[in-house]
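Please open the structure in your viewer and keep the selection panel at hand, as this tour moves from one selection to the next.

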Amino acid sequence: MLYIVNKNNDVLVDCIERASNDDVILLVENAIYSAIEAGSSVVFDKNIPVYALEPDMKARGIGRKQSHDFIQYVDYEGFVELVEKNNPVRSYF
Amino acid sequence: MKTLFFIVDKPLHGDVKAQEFLDTVLMAAAFDQRVILLFEGKGVFALLENQQPELMGLKNVSPILSALTIYDINDVWVEEEALKSLGIEKNQFVIPAKAVARDEIKRHMSLADHVFSF
Amino acid sequence: MKISIQINASPYQHQAADTAWHFIQAAIARGHEVYRVFFYHDGIYNAARDARPPGDERDIVSRWSSLHSDKGVDLVVCVSSAQRRGLLETSVAKKVGGYENALADGFRIAGLGLLMEAVIDSDRHIIFGE
C-alpha cells in the first residue's frame, strides 16, 4: 500500500502505527516538516520506507541536510512511480 | 466486482463531509461493488447511539448508518484496538459492527482495489 | 494505467488542488490516462468560473479548464456537493432563478455515479484533500 500523508500532526503517527513493512509512506505538503530531524516527536518505523515530495520541501526552504537520513526523495514523476508500484493508495487527512 | 474500503477515521460530526462520505459508500453498494466500511481510531465515536447533532443544527447520520444493510453493506467493521483504547463497548453502537484486529484489517485492506478516506 | 482523481478541498485555502494538478501533469507525461477528475465536498469550488485571483498568482480554475481543452481530461463536479454550496448547473439555475453561468469552461456537473464508474474502471484512485 501507498500512504499519502499531508499533515504534520497525529495523523502521521496514526499512519505509522497501521502501516507494515511492505508499505510505503509519502510525505507531501505540510507533512514534509515531519521529515526534519530536529524538534520532531514523530517516531518513524525504520522498516517502512518513507519518501518526501522534494518540490514541497524546496517550496518551504527545507533541505535534505535537515532531514532524517533514512528519508528518500521524489519529485512529481517519482510520486507517479510510487503510485504505479503500489496499490491500493490511502490518503490520510 | 471491485473491493472498496471506506475508512471513517474521524468522528462524523462538525462538518457535512462525513454525511457526503456516507453517500459515496451507499453509491458504491448501489453499483454492486464489495464494500467494507471500517471505523478506525477516533472514527469509532461515529457509531455511538444517542447522538443529538440536531442540537447544533446538523443532520443526524444515524438513519443513514441504519440503512447500510438495506444496501447489502454487511461488512461494517470497527478496529478492535480503538475500542480498547477509547473504552467503548460494542453495545453502545447504533448499528451492529464486527470488531476486527488491526493486523486482520490490514491484511484485507492490502488486497482491496481502492481505499476511500475523507 | 488508468488513474482516477478525486479532489476534496477548495482551491487556494489548501494546497490539495495544486498537488493534484502537478501529479496529473506528471502522470500524463509518463503515458498514463487520467480517466476523470471528480470534484467533491469543498473541491467543487475549483470549478467557480468567476474566481479572479490577483494577476501575479496562479489561476487554478483556468488551469483545470486548460487540462480539459488541451488534454481532454473529463472534469466532473458532484451535483449534490455543488448545489449545497451554491454552484448550479445552468438548467437547474434557470429553473430556480439562480446564477446560470457558475461553472467554468470544461467542467460538467453530474452525480456520484460518475465517481463510481471512474473508480471501477481505473487501476488507481487517488484522493487529494485537506
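The tour goes from the model as a whole to one interface and then to a helix and a loop.

This is a predicted model, in which local features need pLDDT of at least 70, side-chain atom pairs count only at pLDDT 80 or more, and totals for chains, interfaces and linings use all residues. Residues are numbered from 1 along each chain as its sequence is written, chains are lettered from A and ligands numbered from 1 in the order in which they are written, and side-chain values use heavy atoms, with hydrogens and water left out.

Begin by selecting chain C, whose mean pLDDT (the predictor's confidence in each residue, from 0 to 100) is 98.

Add chain B to the selection: 20 residues of chain C are in contact (heavy atoms within 4.5 Å) with 19 residues of chain B. Now pick out C:His41, C:Met116 and C:Ile120, which supply 34% of the area that chain C buries against chain B, more than any other three residues; buried area is the accessible area (1.4 Å probe) that two parts lose on being put together, summed over both.

Next, show the side chains of C:Arg85 and B:Glu20, which form a salt bridge at 2.9 Å, N to O (the rule asks for a side-chain nitrogen of Lys or Arg within 4 Å of a carboxyl oxygen of Asp or Glu).

Within chain B, select helix H4, residues 102-111, where B:Ile105, B:Lys106 and B:Met109 are buried (under 20% relative accessible area; exposed is over 50% and partly exposed in between, with a 1.4 Å probe and protein chains only). Helices (H or I, at least four residues) and strands (E, at least two) are DSSP runs, numbered from the N terminus.

Finally, go to B:Gln52, in the loop between strand S2 (34-39) and helix H2 (62-66) of chain B, where this residue is exposed, with a relative accessible area of 53%.
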